[in-house]
Amino acid sequence: MPRPEGRCCGVFGFNQRVAYAKKHDMMRGKELEEAEKVLQALDSGAILPAGCTDEKSCKATCENPKNISVARECFAFAEKAGLLPPGVDKEKAEKMFALIESGKAPFKSPKEFEKCESPEDEETLNKCIEFGMEAGMISAEEVAMIKKTGGKGPGGCRGREQCDNYCKN
C-alpha cells in the first residue's frame, strides 16, 4: 500500500494510514478487513509483537520469528486480532511452543514445522509423525494411514490441506 504523506508511519500512525487508505480507496477487500481487525485489536489493548512497526515488518517478523518468544507474541496478537487461519487450534499451538522450548521438538521454530506439510524424505516424515503423536496433534488412526500410504494421498498429495484440495478439484 502506498503511504500517504506526513507523519503516519510506524505503529502510532496505523489508524491514520488505514483511514487515509480507506478514504482514498487504496485498500479493499481482505486487505482492508485485516487492517481493520488489527486496528480493533490495538484499540482493545493488544500489543504488537517485538519488531513489528508496520505491515511489512510484522509479516517478516511473524513469518520467520527469531525465537519462540516472538512466535508466541505473533500467535497471541493474531488470535486477539482474529487473524489466525481457520482450523488453528490454540491448545495444539501451545503444546508445540512448549515442546520447542523444552527441546523435545524435532524443529527449533514453528516455521520449520512447514516441512511436515510436505516431507522431503522418510526421516522428516518420521520426525513429524513422532512429534504429532507426542503432542497429541494426530491420532493413532492417522499415523497408521500415514505409514500405510507413505504419507502420500491420491495424486501424490501430502498433508491434509493438499489432499483435500486434490480431492475437491
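Is E79 buried, partly exposed or exposed? Select E79 to find out: with a relative accessible area of 34%, E79 is partly exposed, because the partly exposed class lies between under 20% for buried and over 50% for exposed. Before going on, keep in mind that this is a predicted model.

**Stop 1: E79 and its partner**

With E79 still selected, add K90. Their side chains meet in a salt bridge, 3.6 Å from N to O. This pair links distant parts of the chain, with E79 in helix 4 and K90 in helix 5, eleven residues apart.

**Stop 2: R72 and E101**

Stay with these two helices and select R72 and E101 next. Here you will find another side-chain salt bridge, at 2.7 Å from N to O. Again distant parts of the chain are linked: R72 belongs to helix 4 (residues 68-81) and E101 to helix 5 (residues 90-101), with their positions 29 residues apart in the numbering. Try colouring the two by accessibility. R72 is partly exposed, at a relative accessible area of 23%, and E101 is partly exposed too, at 46%.

Now add E94 to your selection. R72, E94 and E101 are linked in a network of salt bridges.

**Stop 3: a bridge inside helix 2**

Move to helix 2, which covers residues 29-43, and show the side chains of K30 and E34. These two form a salt bridge whose closest N and O atoms are 3.9 Å apart. Both residues sit in helix 2, four residues apart, which is about one turn of the helix. How exposed is each partner, by relative accessibility? K30 counts as exposed, at 60%, while E34 counts as partly exposed, at 33%.

If you would like to keep hunting for such pairs, a search of the whole structure finds nine salt bridges.

**Stop 4: where helix 2 meets helix 4**

For the last view, display helix 2 and helix 4 together. Two packed helices are described by the angle between their axes and the distance between the axes. In this case the angle is about 105°, and the axes are 8 Å apart. That makes helix 2 roughly perpendicular to helix 4, because angles from 65 to 115 degrees fall in that class.

Which residues in helix 2 meet helix 4? Select K37, V38, A41 and L42 on the helix 2 side, then F77, K80 and A81 on the helix 4 side, and you have the contact in front of you. Its residues divide into five nonpolar, no polar and two charged.

Terms used. Residues are numbered from 1 along each chain as its sequence is written. This is a predicted model: local features need pLDDT of at least 70, side-chain atom pairs count only at pLDDT 80 or more; totals for chains, interfaces and linings use all residues. Side-chain values use heavy atoms; hydrogens and water are left out. A salt bridge is a side-chain nitrogen of Lys or Arg within 4 Å of a carboxyl oxygen of Asp or Glu. Buried means under 20% relative accessible area, exposed over 50%, partly exposed in between (1.4 Å probe, protein chains only). Axes are lines fitted to C-alpha atoms, for helices over the stretch in contact, and angles run from 0 to 180 degrees between N-to-C directions. Angles under 35 degrees count as roughly parallel, over 145 as roughly antiparallel, 65 to 115 as roughly perpendicular and the rest as oblique. Contact means heavy atoms within 4.5 Å. Ala, Val, Leu, Ile, Met, Phe, Trp, Tyr, Cys and Pro count as nonpolar, Asp, Glu, Lys and Arg as charged, and the others, Gly among them, as polar.
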